[in-house]
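I opened this notebook to record, entry by entry, what I looked up in the structure. The entries follow the order in which I went through them.

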Amino acid sequence: MKNKREQLLLSFNELYSIEKRAYEYYQDQLKEDLSINEARVITGIMNDEKCHMDTVKKIINLIEEAA
């Protein structure tokens with residue numbers, strides 16, 4: 001069985017991948033023909049996903065440094 005640290009790293013790396021895919025999805029949506037309001041909303045969501053990615057990356061770094 002994997003130790004807690006390895007389990008945490010796997011979980012947060014998976015979460016990072018999910019957040020990255022969401023960010024890329026919204027980024028692709030912005031290439032579509034959208035109204036100004038739609039583009040504004042999607043940009044806001046995309047920026048939230050970027051913040052999530054940054055937060056998860058910080059957590060991963062903390063776990064790695066604690067080793």
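Before anything else I wrote down the scale I would use for accessibility: a residue is buried under 20% relative accessible area, exposed over 50%, and partly exposed in between. I also noted that I am working with a predicted model.

**Entry on Asn61.** I looked up Asn61, which has its place in helix 2. Its relative accessible area is 33%, so I entered Asn61 as partly exposed. I then checked its separation from Asp33, 28 residues apart from Asn61 along the chain, and found 38 Å between the two C-alpha atoms.

**Entry on helix 1.** Helix 1 runs over residues 4–29, which makes 26 residues, and I noted a reach of 37 Å from its first C-alpha to its last, close to the 38 Å expected at 1.5 Å a residue. At its N-terminal end I found a cap in Asn3, with a side-chain oxygen lying 3.1 Å from the backbone nitrogen of Arg5. Which residues of helix 1 are buried? I listed Leu9, Glu19 and Tyr23, and I noted that helix 2 (36–65) is included in what covers them.

**Entry on Glu49.** From the other helix I took Glu49, whose place is in helix 2. Glu49 is buried and yet has no salt bridge, and the nearest side chain of opposite charge, that of Arg21, is 10 Å away. A salt bridge requires a side-chain nitrogen of Lys or Arg within 4 Å of a carboxyl oxygen of Asp or Glu. Leaving out residues up to four places away in sequence, I found that Glu49 touches Glu19, Ala22, Tyr23 and Tyr26; of these, Glu19 and Tyr23 are among the buried residues of helix 1.

**Entry on the salt bridges.** How many salt bridges does the structure hold? I recorded three, and took them in turn.

- Glu24 forms a salt bridge with Lys20, with the closest N and O atoms 3.8 Å apart. Because Glu24 and Lys20 are four residues apart in helix 1, about one helical turn separates them. Glu24 is partly exposed at 34% relative accessibility, and Lys20 is partly exposed at 37%. I also looked from Lys20 to Glu64, 44 residues apart along the chain, and found their C-alpha atoms separated by 20 Å.
- The side chains of Asp28 and Lys31 meet in a salt bridge, at 3.3 Å from N to O. Asp28 is partly exposed, with a relative accessible area of 39%, whereas Lys31 counts as exposed at 66%.
- Lys50 forms a salt bridge with Asp54, and here the closest N and O atoms are 2.9 Å apart. Both residues lie in helix 2, four residues apart, about one turn of the helix. I entered Lys50 as partly exposed at 35% relative accessible area, and Asp54 likewise as partly exposed at 33%.

**Entry on the aromatic rings.** I looked for ring pairs and found one aromatic pair in the structure. The rings of Tyr25 and Tyr26 have their centres 5.2 Å apart and their planes at 75°, so I entered the pair as edge-to-face, given that planes over 60 degrees apart count as such. Tyr25 is partly exposed, with a relative accessible area of 47%, while Tyr26 had already come up in my notes as one of the residues that Glu49 touches.

Methods
Residues numbered from 1 in each chain as written. Predicted model: local features only at pLDDT ≥ 70, side-chain atom pairs only at ≥ 80, totals over all residues. Heavy atoms only, no water. Helix = DSSP H or I, 4+ residues; strand = E, 2+ residues; numbered from the N terminus. Expected span 1.5 Å × (residues − 1). Buried < 20%, exposed > 50% of the residue type's maximum accessible area, 1.4 Å probe, protein only. Contact = heavy atoms within 4.5 Å. Polar contact = N/O pair within 3.5 Å; in protein donor to acceptor, adjacent residues only side chain to side chain. Lys, Arg positive; Asp, Glu negative; His and termini not counted. Phe/Tyr/Trp six-rings, centres within 6.5 Å; stacked < 30°, edge-to-face > 60°.
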